[in-house]
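User: I'd like to learn how the labels in a structure like this are earned. Can we go through them one at a time?

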Amino acid sequence: MVRGSEVAAVSVDFAEWVAARGPSLLRLAYLLTGNRAEAEDVVQDALSRALPRWSRISSLEDPDAYVRRMVINAHTSWWRRFRRRESPVEAVPDRVGADATGSSDDRLLVWQACLRLPEDQRVAVVLRYWEQREYAEIAALTGVAEGTVRSRVSRGIAALRTDLGERDD
């Protein structure tokens, strides 16, 4: 039986961990969702599931990896629930992200191209190039074989190159 003082100690420990690691989790979720509000929902869902299990999670070798996996799983669940809410448009613009002067912000173009990737490829590309994770770590986080991760990253990069067009610079 857990006493009140033990629950309070776990809550304080969890709150300190969230204060330290929360921004990183939010960045990961934002990169996965492409929307700050949805990213906050995903992180909140993952953290609300982590709190009751925090005494066990915090004793793991790498609690950060465990909770990152929870964020990825929460995003996958969210994505499956809400993927049909997209609405079709009459015409798709040729290139999005150009400002009023006609010049484009390369980062915005790349980000929008990432959002057009299939879910599994986007997750792999974000974890590999934004989070700087190794293939083995991505495989552990996503629950697939390392070869599958390499394939997803390769296909994602190929799709980005096609979408953005090869650039000589």
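Analyst: Sure. Let's begin with a term: two residues are in contact when they have heavy atoms within 4.5 Å. Keep in mind that this model is predicted.

User: OK, what is R122 in contact with, leaving aside its neighbours within four places in sequence?

Analyst: R122 is in contact with L31, L32, H75, C114, L115 and L117. R122 itself lies in helix α6.

User: How do you know whether R122 counts as buried or exposed?

Analyst: Check its relative accessibility, which is 7%. The cut-off for buried is under 20%, so R122 counts as buried at 7%.

User: What makes the pair of L115 and R122 a polar contact?

Analyst: A polar atom of the R122 side chain lies 3.1 Å from the backbone oxygen of L115. The limit for a polar contact is 3.5 Å, so 3.1 Å passes the distance test.

User: Let's zoom out. How many helices and strands does the protein have?

Analyst: Eight helices and zero strands. Reading along the sequence, you get α-α-α-α-α-α-α-α. Of the 169 residues, 35% count as buried.

User: Which residues in the largest nonpolar core touch the most other members?

Analyst: They are L25, L28, L47, V67, V71, L127 and L160, out of 42 residues in that core. The elements giving two or more residues to this core include α1 (4–33), α2 (36–50) and α4 (63–82). Helix α1 gives the most, with eight residues. As a rule of thumb, nonpolar side chains tend to be buried together in soluble globular proteins.

User: What does L160 touch, not counting residues up to four places away in sequence?

Analyst: L160 touches V110, A113, C114, L117, V125 and G165.

User: How about A39: buried or exposed, and how do you know?

Analyst: The relative accessible area of A39 is 0%. With the buried cut-off at under 20%, A39 is buried. You'll find A39 in helix α2. Not counting residues up to four places away in sequence, A39 touches L26, A29, Y30 and T33.

User: Now the charged pairs. What makes R152 and D120 a salt bridge?

Analyst: Their closest N and O atoms are 3.4 Å apart. The rule asks for a side-chain nitrogen of Lys or Arg within 4 Å of a carboxyl oxygen of Asp or Glu, so this Arg and Asp fit at 3.4 Å. R152 sits in helix α8 (residues 146–164) and D120 in helix α6 (residues 119–130), so the pair ties together parts that are 32 residues apart in sequence.

User: Why is R152 called partly exposed?

Analyst: R152 has 22% relative accessibility. Partly exposed runs between the cut-offs of 20% and 50%, so R152 gets that label at 22%. D120 counts as partly exposed too, at 33%.

User: Which salt bridge does R133 form, and is R133 buried or exposed?

Analyst: R133 forms a salt bridge with E137, with the closest N and O atoms 3.2 Å apart. R133 is buried, since its relative accessible area is 14% and buried means under 20%. E137, at 26%, counts as partly exposed.

User: And where do R150 and E146 lie?

Analyst: Both lie in helix α8, four residues apart, about one turn of the helix. Their side chains meet in a salt bridge at 3.0 Å, N to O. R150 counts as partly exposed at 41%, and so does E146 at 33%. Elsewhere, salt bridges that share partners join R68, E131, R133 and E137 into one network. The structure holds ten salt bridges.

User: Last one: which residues are buried in helix α7?

Analyst: In α7 (residues 135–142), the buried ones are Y135, I138, A139, L141 and T142. Looking down the axis of α7, these buried residues fall within an arc of 165°, so they line one face of the helix. Just after α7, G143 takes a positive phi of about 75°.

Notes: Residues are numbered from 1 along each chain as its sequence is written. This is a predicted model: local features need pLDDT of at least 70, side-chain atom pairs count only at pLDDT 80 or more; totals for chains, interfaces and linings use all residues. Side-chain values use heavy atoms; hydrogens and water are left out. Buried means under 20% relative accessible area, exposed over 50%, partly exposed in between (1.4 Å probe, protein chains only). The arc is that of the directions from the helix axis to the C-beta atoms. A nonpolar core is a set of buried Ala, Val, Leu, Ile, Met, Phe, Trp, Tyr and Cys residues joined through side-chain atoms within 4.5 Å. A polar contact is a pair of N or O atoms within 3.5 Å; within protein, one must be able to donate a hydrogen and the other to accept it, and residues adjacent in sequence count only if both atoms are side-chain atoms.
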